[in-house]
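Biologist: Got a minute to walk me through this one? I'd like the overall picture, then the details.

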Amino acid sequence: MAASLWRTSSCILRRSLTISSVRCASGPPSKAVDQHKGKFPSDDCQIPDSLGHSVGVERYELLAKEAGNDDPFQMKPIKRAKGTFDEPTIVTSPNAKRMIGCICEEDSLTINWMYVHKGEPKRCECGYWFKLADAPVQEYN
Ligand SMILES: [Zn+2]
């Protein structure tokens, strides 16, 4: 019984420590971002608009669309380049790996999904090569 209680309490303690360390790892928000944009009523509207109610990724997406970028997460389909090892199709991501899908043939009904890692060109089953590159980091305010 005591071992069970100890296991339960240590698990809860470990979980809370892990969450707090993740929150601290991202660091303070950039000073370039106006954290309160759209959150206060103006003469035009009495309550905050949808931008004012949004936070996190949704807010980033709304700010990007307001700035004219309709694809802030590079989710739109891209056309394959030449696809050889020397000239692979470049896919961008801010992360170390990204999942991509290749429609190998024009009339194909399935998508061939695979991970592409930075620094390692990847060949699809159809023979086309893909390479992951750094995505430009943009901040919107
Ligand atoms: Zn393919």
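Modeller: Sure; one term up front: buried means under 20% relative accessible area, exposed over 50%, and partly exposed in between (1.4 Å probe, protein chains only). Also, this is a predicted model, where local features need pLDDT of at least 70, side-chain atom pairs count only at pLDDT 80 or more, and totals for chains, interfaces and linings use all residues. Residues are numbered from 1 along each chain as its sequence is written, and side-chain values use heavy atoms, with hydrogens and water left out.

Biologist: OK, how much of the protein chain counts as buried?

Modeller: 18% of its 141 residues.

Biologist: And what pattern does the chain follow along the sequence?

Modeller: It reads α-α-α-β-β-β-β-β, with helices (H or I, at least four residues) and strands (E, at least two) taken as DSSP runs numbered from the N terminus.

Biologist: Which residues of α3 are buried?

Modeller: In α3, residues 56-66, they are R59, L63 and A64. They sit on the same side of α3, because their arc around the axis is only 135 degrees, going by directions from the helix axis to the C-beta atoms.

Biologist: Switching topic: what are the protein donors of the zinc ion?

Modeller: The SG atoms of C102, C104, C124 and C126, at 2.2 to 2.3 Å. Donors here are N, O and S atoms within 2.8 Å of the metal (3.2 Å for Na, K and Ca).

Biologist: What does the pair C102 and C126 tie together?

Modeller: Parts 24 residues apart in sequence, since C102 lies in strand β2 and C126 in the loop between β4 and β5.

Biologist: Is C102 buried or exposed?

Modeller: Buried, at 3% relative accessible area, while C126 is partly exposed at 31%.
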